[in-house]
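Please open the model in your viewer and keep the selection tool at hand. The tour moves from strands to single side chains and then to aromatic rings.

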Amino acid sequence: MPYYCDYHMHSHHSFDAEHSVREMAEAALQAGLSEICFTDHIDFEDPNWWDVPSDLLAQRAEIEREQPSVSVKMRHGVEIGLSPETAFAEKSMAYVRSAEPDFIIGSVHVVGTQNVYRPEYFAERQRGEAYVRYAEALAASVPTLPQLSVLGHFDFVAKRAPYADRAMRYADAPEAFDSVLRYLAENGKGLEVNTSAWLDDPAWGLDVLSRFVELGGEFVTFGSDAHVPERVGRRFAEARALALAAGVRYTATFRTLKPQFVPIEP
């Protein structure tokens, strides 16, 4: 049986979730997962909306308290919101350092002053401009957090996009994607295969994953971005199939920011 790990999920320690560590872990067991990592939010870059940082020490304490009675392995991590301004990444790292996270996702949710989860971002933009601006924000933001383990949801902009064709493709912004993927590959970082933006559409991302491999990328992690138990591990068989089709050889688990590579086998 494939070794499935959900390395992007949220507990009640995130401002936008309300379920306990145990509730999410029990859902992971039901989904057939072997390991999970809680990646609760630190989003200093968006003070207009996501300005309540997760209590990562409380998160870690809850995980350690529940682990003896839960058979799925649980790791404690964080999702840090990025922007081109290095001050936000520095502030985030100063905040999370005492929690000694196992794993760090670097994510871009904001372009300029607009959160791309909100309809205002799309109000005056056609699909091409909205997606290019997001990809360019990825390229400018990712290098500000050298401590990141993986880049989270490269297609976050598609999650609430109002367009008939929501899929984000390499061809939408090849120069920006090359900048991002080359940085990750050259610095030993991973790319997340995040299933949340797909909603009920066909899975996408083969082109981006393939280019990551071409540029020397070695591993991916899989993430549902679940904020509720019923989303844990969602569509992971499809995510794994995409990674295999792209030529990705490894997924990885993490402890104290150190990766342990796990072969992705057919």
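Two strands are said to pair if DSSP finds at least two bridges between them, and helices (H or I, at least four residues) and strands (E, at least two) are DSSP runs numbered from the N terminus. This is a predicted model, in which local features need pLDDT of at least 70 and side-chain atom pairs count only at pLDDT 80 or more, while totals for chains, interfaces and linings use all residues. Residues are numbered from 1 along each chain as its sequence is written, and side-chain values use heavy atoms, with hydrogens and water left out.

**Stop one: strand S8**

Select residues 190–194, which form strand S8; 5 of the 5 residues are buried (under 20% relative accessible area with a 1.4 Å probe, protein chains only; exposed is over 50%, partly exposed in between), so the strand is largely enclosed by the rest of the structure. In a regular strand the side chains alternate between the two faces of the sheet. Here Gly190, Glu192 and Asn194 point one way from S8, whereas Leu191 and Val193 point the other way.

Add S7, which pairs with S8 in the parallel sense over 2 bridges; Leu151 has Leu191 in S8 as its bridge partner. Then add strand S9 (residues 219–223), which pairs with S8, also in the parallel sense, over 4 bridges, and look for Gly223 in S9 as the bridge partner of Asn194.

Now show the helices, and follow S7, H5 and S8 as a right-handed β-α-β unit, where right-handed means that, with the strands pointing away from the viewer, the path from the first strand over the helix to the second runs clockwise. S8, helix H6 (residues 206–214) and S9 make a right-handed β-α-β unit as well.

**Stop two: Thr144 and Met93**

Select Thr144 in the loop between H4 and S7, a residue that counts as buried at 12% relative accessibility. Its side chain reaches the backbone oxygen of Ser141 at 2.7 Å. Contact here means heavy atoms within 4.5 Å, and, not counting residues up to four places away in sequence, Thr144 touches Leu82, Ser83, Pro84, Thr86 and Ala89.

Move next to Met93 in helix H3 (residues 86–96), which is buried with a relative accessible area of 8%. With the same exclusion of residues up to four places away, Met93 touches Ile80, Ile104, Leu145 and Gln147; Met93 and Ile104 are 11 residues apart in sequence and 9.9 Å apart in space, C-alpha to C-alpha.

**Stop three: the rings**

Rings of Phe, Tyr and Trp (its six-membered ring) pair if their centres lie within 6.5 Å, with planes under 30 degrees apart counted as stacked, over 60 as edge-to-face and the rest as tilted. By this rule the count comes to 14 aromatic pairs. Select Tyr4 and Phe236, a tilted pair at 6.5 Å centre to centre with 50° between the planes. This pair links distant parts of the chain, Tyr4 lying in the segment before strand S1 (5–9) and Phe236 in helix H7 (residues 236–246), 232 residues apart. Tyr4 counts as buried at 12% relative accessibility, and Phe236 is buried at 4%.

Turn then to Phe122 and Tyr163, whose ring centres are 5.8 Å apart with planes at 80°, so the pair is edge-to-face. Finally, select Tyr7, Phe103, Phe219, Tyr250, Phe254 and Phe261 together, since what you are looking at is one aromatic cluster.

How values were computed:
Polar contact = N/O pair within 3.5 Å; in protein donor to acceptor, adjacent residues only side chain to side chain.
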